[in-house]
Every structure is written in C-alpha cells, then in structure tokens.
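Biologist: Before we rely on any label for this structure, I want the reasoning behind it. Let us go through the terms one at a time.

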Amino acid sequence: MVTRRCPSDAARRAMRIALVLTDNDGVLTDGVVHVAATGELTKAYSVRDGMGVERLRERGIATGVLTREPPDLIAPRAAKLALRHLWTGVRDKHAQLGRILDDTGLGLDQLAGIGDDVNDLAILEAIGEVGLTAAPADAMPAVRDTVHYICDAPGGRGAFREFAEWLLHLRTQPEGLR
C-alpha cells in the first residue's frame, strides 16, 4: 500500500462515503480487450473486485461504474454485481458529475473514486477535494500523482478490492482519529 497526499482527516472522510465511483477499463479490467474471430469483444473481471463491491454494499456503500464504454460490454458484469449505478458512453466524466449527484441525491463529500487514466483526472481531482480517491498500481503517472491512495494491485487484478478494503479499514479507526 502506498498513500500520497492522504488527507489527515481520511478516516472522517471515509465515514461519509456512500458511493464509490469506478472506471471500468484499467480498474475493473486490465484494460485488454479480446477480439474473437467473429468480432465479439470480451473482457476479464476479477472475482476479488466483485467481492469488494459486495463488502462495500454490506456496509451501506454503493458502487457505481462510470465509463466511456458502451453498455453492452459492461451491463452483464454490472447486473451480476447488482450495481444500481451505471453510467456508460461518458466521454467527459467530470461533466457527468452533476448528473451523478442528481441521480443519487448525494453530496460530493459522499463520493470516493478510483481511476487509471487521464480521462479520469478531472473527476478524481473534484472528488479528492472532499472525498477519497485511488488509482491502481499501473495507472498513468499523472493519475497516481493526483490520488490519495495508490494500490499495490494493478487494474483488473484486485485494485478495486484493495481500495474498498482501505476505505472500510479507515471507517474502523478510533473516534479520536476521525
């Protein structure tokens, strides 16, 4: 685990988190797209990351996917994980932030986010002002330099789960550290 710019009030922030936003490619997947001879596209997902979604949900924290991918590539996985929040085909993730807040009825301070590439930077910076942010180990350097937590695990190999566990751990900190 590597933390950078971790706010001194991280445990207090973690207590407010009600929704973790995640990118799909590069966070929930390793960013590789398999193309069959028929043209069918497939992606691989980690069951450990799926358990991270479940562990968050058990503690009252929802997970939402925010991706520029079309819905057909992510919808089956989102359904399997029983995700209530799925925003697909989003080219400007920061511009989507207002809609996310409207759709969920949450405040910015109730969000956490994890992303891996430059198209995630603006929304991670916005969330990072009052929420908590992370990046997989193999995220682009600009993203790693922006977030509060850098996972040991790469995208598609447990990074989401690691971030979920970090958030849950922060929520167990003694009251004096909040």
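**Cavities, charges and one backbone angle**

Modeller: By class, six nonpolar, three polar and three charged residues make up the lining of the largest cavity. Keep in mind that this is a predicted model.

Biologist: Which residues line the largest cavity?

Modeller: The lining consists of Leu21, Thr22, Asp23, Leu66, Lys93, Gly113, Ile114, Gly115, Asp120, Ile123, Leu124 and Ile127. Asp and Lys count as charged, so Asp23, Lys93 and Asp120 belong to that class. Gly counts as polar, so Gly113 and Gly115 are placed there.

Biologist: Which elements supply at least two residues each to the lining of the largest cavity?

Modeller: They are strand 2 (19-22), strand 7 (111-114) and helix 6 (121-128). Helix 6 gives the most, with three residues.

Biologist: What makes Ile127 buried?

Modeller: Its relative accessibility is 1%. Buried means under 20%, so Ile127 qualifies. Ile127 is found in helix 6.

Biologist: How many cavities of 30 Å³ or more are there?

Modeller: There are two. The largest has a volume of about 70 Å³. The second largest holds about 40 Å³.

Biologist: Which residues line the second largest cavity?

Modeller: Leu28, Tyr45, Ser46, Asp49, Gly50, Val53, Arg77 and Leu81 do. Helix 3 (residues 47-58) gives the most, with three residues. By class there are four nonpolar, two polar and two charged residues. Tyr counts as nonpolar, so Tyr45 goes into that class.

Biologist: Now the charges. Why is the pair Asp30 and Arg157 called a salt bridge?

Modeller: The N to O distance between their side chains is 3.5 Å. The cut-off is within 4 Å, so the pair passes. Asp30 lies in the loop between helix 2 (24-28) and strand 3 (34-35), and Arg157 in the loop between strand 9 (149-150) and helix 8, so the pair ties together parts 127 residues apart in sequence.

Biologist: Why is Asp30 called partly exposed?

Modeller: Its relative accessible area is 31%. Partly exposed lies between under 20% and over 50%, so the label follows.

Biologist: How do you know that Lys43 forms a salt bridge with Glu69?

Modeller: Their closest N and O atoms are 3.3 Å apart. The limit is within 4 Å, so this pair counts. Lys43 is in the loop between strand 4 (41-42) and helix 3, while Glu69 is in the loop between strand 5 (62-66) and helix 4 (71-80). The two are 26 residues apart.

Biologist: Are Lys43 and Glu69 buried or exposed?

Modeller: Lys43 has 14% relative accessibility, and Glu69 has 18%. Buried means under 20%, so both residues are buried.

Biologist: What makes the pair Lys43 and Asp25 a polar contact?

Modeller: Their side chains are joined at 2.6 Å. A polar contact needs N or O atoms within 3.5 Å, so the distance fits. The side chain of Lys43 also makes a polar contact with the side chain of Glu69, at 3.3 Å.

Biologist: Why is the pair Arg59 and Glu58 called a salt bridge?

Modeller: The closest N and O atoms are 3.4 Å apart. That is within 4 Å, so the term applies. Glu58 has a relative accessible area of 53%, which is over 50%, so Glu58 is exposed. Arg59 has 37% and counts as partly exposed.

Biologist: How many salt bridges does the whole structure have?

Modeller: Eleven. Salt bridges that share partners also join Asp23, Lys93 and Asp120 into one network. Asp23, Lys93 and Asp120 are among the residues lining the largest cavity.

Biologist: How do you know that Arg171 has no salt bridge?

Modeller: The nearest side chain of opposite charge, Glu165, is 11 Å away. A salt bridge needs a distance within 4 Å, so Glu165 does not qualify. Arg171 is buried all the same. A polar atom of its side chain lies 3.2 Å from the backbone oxygen of Ile17. Arg171 itself lies in the segment after helix 8 (159-170).

Biologist: Last, the backbone. What is notable about phi of Ala82?

Modeller: Phi is near 55°, a positive value in a residue other than glycine. Most residues other than glycine have a negative phi. Ala82 lies in the loop between helix 4 and strand 6 (85-87).

Definitions and conventions
Residues numbered from 1 in each chain as written. Predicted model: local features only at pLDDT ≥ 70, side-chain atom pairs only at ≥ 80, totals over all residues. Heavy atoms only, no water. Helix = DSSP H or I, 4+ residues; strand = E, 2+ residues; numbered from the N terminus. Buried < 20%, exposed > 50% of the residue type's maximum accessible area, 1.4 Å probe, protein only. Lys, Arg positive; Asp, Glu negative; His and termini not counted. Polar contact = N/O pair within 3.5 Å; in protein donor to acceptor, adjacent residues only side chain to side chain. 1 Å grid on protein atoms, 1.4 Å probe; cavity = no way out; pocket = protein on both sides within 12 Å on 5 of 7 lines; lining within 4 Å. Points joined across faces, edges and corners; volume = space filled by probe spheres on them.
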